[in-house]
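Let us go through this structure step by step, beginning with a single side chain and moving on to charged pairs, an enclosed space and the cysteines.

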Amino acid sequence: MAFFFKKKRTMEELASILAEDLDRLEALGAEELGVVEAADAMARELSGRDSPPPEAPPRVQVEGRLAQVKLIFIGDTDKPADLPQCQELAAALLRPRPNGEAPLICRLVTGMKGLPFESRKAVAQVFANLMR
C-alpha cells in the first residue's frame, strides 16, 4: 500500500540528484554514445511528471530530471507553475554546490554540448526562466 504514497522530493534534493546524474553522464562521455537509440526511445516516454527509472542509462536520467525541472518552472495545461516552488528550485540551481563546484545551472549551460537535444532545449528554457 505504501507505493501509492510517493514521498515528494524537495527542490534541493531534485537539484542534487540532477547533479549526480550529470556527473555519471560526464564520466561515461563518448562510451555511452553507442546506446543513443535505445536511450532516446526510453526518454520519449518521460513526461516530466515521474522520475526516470533507476535502471535507465545516465543520458535518460538527466533528460528525465531536466523534464521535471522544466515542468516545475513552466507548468503545463493541467497544472500551472507554483511560484514558491519555482523560487525554491531557482535557489537550489543557483546555489554553489557543497563540494566547491560551480552552481548547477552553470554546469548545465557550460556542458550543453554533451547533452542530448531534448535536454539542451530544457536547459535553455530553464535558463530563460531563471533570467526573467
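Is Lys 121 buried, partly exposed or exposed? In this predicted model, Lys 121 counts as partly exposed, at 38% relative accessibility, and Glu 118 likewise counts as partly exposed, at 39%. The side chains of these two residues, Lys 121 and Glu 118, meet in a salt bridge of 3.3 Å, N to O, and both lie in helix α6, three residues apart, about one turn of the helix.

In the whole structure, a search finds eight salt bridges. One of them joins the side chains of Glu 12 and Arg 95 at 2.2 Å, N to O; because Glu 12 lies in helix α1 and Arg 95 in the loop between α4 and α5, this pair ties together parts that are 83 residues apart in sequence. Another is formed by Asp 21 with Arg 65, whose closest N and O atoms are 2.9 Å apart, and it links helix α1 to helix α3 across 44 residues. Here Asp 21 and Arg 65 are both buried, whereas Glu 12 is partly exposed at 31%, as is Arg 95 at 38%.

Turning to enclosed space, the structure holds one cavity of 30 Å³ or more, with a volume of about 30 Å³. Its lining includes Leu 18, Leu 66, Ile 105 and Val 123, and the elements that give two or more residues to this lining are α3, α5 and α6. By class, the lining has eight nonpolar residues, with no polar and no charged ones.

As for the cysteines, Cys 86 counts as buried at 12% relative accessibility, while Cys 106 is partly exposed at 36%; a search of the whole structure finds zero disulfides.

Note on methods. Residues are numbered from 1 along each chain as its sequence is written. This is a predicted model: local features need pLDDT of at least 70, side-chain atom pairs count only at pLDDT 80 or more; totals for chains, interfaces and linings use all residues. Side-chain values use heavy atoms; hydrogens and water are left out. A disulfide is a pair of cysteine sulfur atoms within 2.5 Å. Buried means under 20% relative accessible area, exposed over 50%, partly exposed in between (1.4 Å probe, protein chains only). On a 1 Å grid over the protein atoms alone, a cavity is a set of points where a 1.4 Å probe fits but cannot get out, and a pocket is an open set with protein on both sides within 12 Å along at least five of seven lines; lining residues have an atom within 4 Å of a point. Grid points are joined across faces, edges and corners, and a volume is the space filled by probe spheres set on the points. Helices (H or I, at least four residues) and strands (E, at least two) are DSSP runs, numbered from the N terminus. Ala, Val, Leu, Ile, Met, Phe, Trp, Tyr, Cys and Pro count as nonpolar, Asp, Glu, Lys and Arg as charged, and the others, Gly among them, as polar. A salt bridge is a side-chain nitrogen of Lys or Arg within 4 Å of a carboxyl oxygen of Asp or Glu.
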